[in-house]
Amino acid sequence: MLDYYEIFGVKEKSTQWEINQKYHFHIKTWNPDKFDSSEDKTKALEKLQQLHRIYLVLSDPVKRKRYDQERVKKSKEYKRGRVLVLSGIAIAVLSILSIG
């Protein structure tokens, strides 16, 4: 799952005003007309589209809450998976040591 806050450059506790300000900053920064080559213009347009999709989530309180809940859920699943993997490695190491 992409970290919208990191990509957008704001903190989780950012206010709506801060998100709007950052969005306007991104619009100015990634305006395709500021770039010379067609390749750079294309990259800028893709980045701007990504940022716009993120803005649509972070600027809507309902969508943002849903995103935050899903993000927490994925984080917990990831941490739980890491613990299981590490537990499995520890058991394997202990088994090898007890055999030797």
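Okay, let's start with Phe 8 and who it touches. Not counting residues up to four places away in sequence, Phe 8 touches Ile 19, Lys 22, Tyr 23, His 26, Leu 51, Ile 54, Tyr 55 and Leu 58. Before I go on, please keep in mind that this is a predicted model. Phe 8 itself lies in helix α1. Is Phe 8 buried or exposed? It's buried, and its relative accessible area is 0%. One of those partners, Ile 54, is a nice case: Phe 8 and Ile 54 are 46 residues apart in sequence, but C-alpha to C-alpha they are 7.3 Å apart in space.

Now let me zoom out for a second. The protein has 4 helices and 0 strands, so to read it along the sequence you just say α-α-α-α. Out of the 100 residues, 19% count as buried. And if you take the contacts between residues at least 6 apart in sequence, 59% of them join residues at least 24 apart. The Phe 8 and Ile 54 pair, at 46 residues apart, gives you a feel for that kind of separation.

Right, on to the core. Which residues make up the largest nonpolar core? There are 11 in all: Tyr 5, Phe 8, Val 10, Ile 19, Tyr 23, Leu 51, Ile 54, Tyr 55, Val 57, Leu 58 and Tyr 67. Helices α1, α2 and α3 each supply at least two residues of this core. The helix that gives the most is α3, with 5 residues.

Let's look at two of those helices together. When two helices pack, people describe them by the angle between their axes and the distance between the axes. Here, α2 covers residues 16–29 and α3 covers residues 38–58. They pack at an angle of about 170°, and their axes are 11 Å apart. That angle makes α2 roughly antiparallel to α3, because anything over 145 degrees counts that way.

So who meets whom across there? From α2 we have Gln 16, Ile 19, Asn 20, Tyr 23, His 26 and Ile 27, and from α3 they meet Leu 48, Leu 51, His 52, Tyr 55 and Leu 58. Sorted by class, the α2 contact with α3 has 7 nonpolar residues, 4 polar ones and no charged ones.

Pick out His 26 on your screen. This histidine lies in helix α2 and is buried, at a relative accessible area of 7%. If you leave aside its neighbours within four places in sequence, His 26 is in contact with Phe 8, Leu 48 and Leu 51. So we're back at Phe 8, which has His 26 among the residues it touches.

Next up is Tyr 23, which is also found in helix α2. Tyr 23 is buried, with 13% relative accessible area. Again leaving aside neighbours within four places in sequence, what is Tyr 23 in contact with? The list is Phe 8, Leu 51, His 52 and Tyr 55. Another long hop along the chain shows up here: the C-alpha atoms of Tyr 23 and Ser 59 are 36 residues apart along the chain and separated by 9.7 Å.

That brings me to the rings. How many aromatic pairs does the structure hold? It holds 5 aromatic pairs. Take Tyr 23 and Tyr 55: their ring centres are 3.9 Å apart and their planes sit at 10°, so the pair is stacked. Since Tyr 23 lies in helix α2 and Tyr 55 in helix α3, the pair ties together parts that are 32 residues apart in sequence. Tyr 55 counts as buried too, at 17% relative accessibility.

There's another stacked pair, made by Trp 30 and Phe 35, with 6.3 Å centre to centre and 20° between the planes. Why do I call these two partly exposed rather than buried? Trp 30 has a relative accessible area of 27% and Phe 35 has 24%, while buried means under 20%. One more for the rings: Tyr 4, Tyr 5 and Tyr 67 form one aromatic cluster.

Okay, to wrap up, go back to Phe 8. Phe 8 is buried at 0%, it belongs to the largest nonpolar core, and the residues it touches include Tyr 23 and His 26. Thanks, folks!

Note on methods:
Residues numbered from 1 in each chain as written. Predicted model: local features only at pLDDT ≥ 70, side-chain atom pairs only at ≥ 80, totals over all residues. Heavy atoms only, no water. Axes fitted to C-alpha atoms, helices over the stretch in contact; angles between N-to-C directions. Parallel < 35°, antiparallel > 145°, perpendicular 65-115°, else oblique. Contact = heavy atoms within 4.5 Å. Nonpolar A, V, L, I, M, F, W, Y, C, P; charged D, E, K, R; others polar. Core = buried A, V, L, I, M, F, W, Y, C linked by side-chain atoms within 4.5 Å. Buried < 20%, exposed > 50% of the residue type's maximum accessible area, 1.4 Å probe, protein only. Phe/Tyr/Trp six-rings, centres within 6.5 Å; stacked < 30°, edge-to-face > 60°.
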